[in-house]
Amino acid sequence: MKQAALVAAIAIAAACSQRAEPTPSRDAAAPAAASSAAAAATADGAARVVGKVQASGLAVIALEPKTARAFPPQDDKPVMDQVGLTFGPELLLVRTGEPVEFRNNDDTLHNVNVKDEQTREQAFNVAIPTGSAYEHTFRRDGFYRVGCDIHPAMAASIFAASTPFTTLAATDGSFEFDGVPPGPWTVTVYTGGKRLQKDVQVTGGTTAVDVE
């Protein structure tokens with residue numbers, strides 16, 4: 001099925017335990033994952049990084065600093081919703097150490113069962129009644145598998161990263177990040193079961209990088 005294929009493409013090997021308290025429902029999540037780079041600092045001299053990757057289908061891109069660097073908190077809290085017996089978005093990009101909200105705007109009870117894709121370790125498993133929400137903060141970078149034990153056909157994925165610069169490549173393999181501070185960085189690409197990396201020195205203006 002579509003959701004299972006998505007998880008298989010990006011996953012790399014390199015009844016519920018809790019019940020959420022009802023909270024007011026808000027607007028549904030966006031239909032697709034978006035770049036979190038907009039939440040990054042726009043320091044003096046910040047540059048744009050543009051690139052292209054030879055992707056085998058879906059490609060997740062992360063731009064990570066090669067030296068220790070502090071980033072400001074995220075501006076907006078990522079949201080994964082449940083509507084029509086479907087998780088949305090199908091792939092959510094989140095910041096490690098920053099809160100994520102899981103909602104249920106469906107007309108039935110769901111649970112959200114999240115496990116680390118590599119270790120299979122349980123991140124959490126909670127029941128979320130209609131119109132309620134649950135907040136979680138991921139502490140470790142990587143891919144996570146999302147499911148609903150009540151409705152086994154429901155599935156989605158989460159990619160958590162410490163860097164605010166994450167995005168999905170366009171259909172032609174292109175990607176870009178704005179507001180990148182100058183310095184040494186590593187571009188990491190997850191696509192077709194592979195993990196590709198390339199170092200890049202970001203200066204001013206626009207820095208171009210191709211990952212093969």
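This passage walks through the strands, cores and unusual backbone spots of a predicted model.

A good place to begin is the open sheet, built from four strands in the order β13-β3-β15-β16 with antiparallel pairing. The edges are held by β13 (166-168) and β16 (194-202); each has a single partner strand, so one side of each is left without a neighbour in the sheet. Direction ignored, neighbouring strands here are turned by 20° against each other on average. Within this sheet, seven bridges link β3 (residues 59-65) with β15 (residues 183-191) in the antiparallel sense. One position to look for is A62, whose bridge partner in β15 is T188. As background, strands of a sheet pair through backbone hydrogen bonds, either parallel or antiparallel.

A parallel pairing is found elsewhere, where β2 (residues 47-53) is joined to β17 by six bridges. In this pair, V53 stands opposite V211 of β17. Strand β17 (residues 206-211) also shows two distinct faces: T207, V209 and V211 lie on the covered one, while T206, A208 and D210 lie on the uncovered one. This fits a general pattern, since side chains in a regular strand alternate between the two faces of the sheet.

Attention now turns to the nonpolar interior. The largest nonpolar core has 20 residues, and F102, F138 and I158 have the most contacts inside it. Two or more residues each come from β6, β7 (99-103), β8, β9, β11 (142-147) and β12 (155-161). Leaving aside residues up to four places away in sequence, F102 touches M80, V112, F124, I128, S132, A133, Y134, H136, F138 and I158. Another core, of 19 residues, lies apart from the largest one and includes A47, F177, V180 and V209. V209 is thus a residue to revisit, as it also belongs to the covered face of β17. In soluble globular proteins, nonpolar side chains tend to be buried together.

Finally, a few loops carry backbone features that are worth a look. L85 has a positive phi of about 60° although it is not a glycine, and it sits in the loop between β4 (79-83) and β5. The relative accessible area of L85 is 44%, which means that this residue is partly exposed. In the loop between β5 (86-88) and β6 (91-95) comes P89, where the peptide bond from G88 to P89 is cis, with omega near 0°. R120, likewise not a glycine, has a positive phi of about 65°; its place is the loop between β8 (110-116) and β9 (122-128).

Key. Residues numbered from 1 in each chain as written. Predicted model: local features only at pLDDT ≥ 70, side-chain atom pairs only at ≥ 80, totals over all residues. Heavy atoms only, no water. Buried < 20%, exposed > 50% of the residue type's maximum accessible area, 1.4 Å probe, protein only. Pairing = 2+ DSSP bridges. Core = buried A, V, L, I, M, F, W, Y, C linked by side-chain atoms within 4.5 Å. Contact = heavy atoms within 4.5 Å. Axes fitted to C-alpha atoms, helices over the stretch in contact; angles between N-to-C directions.
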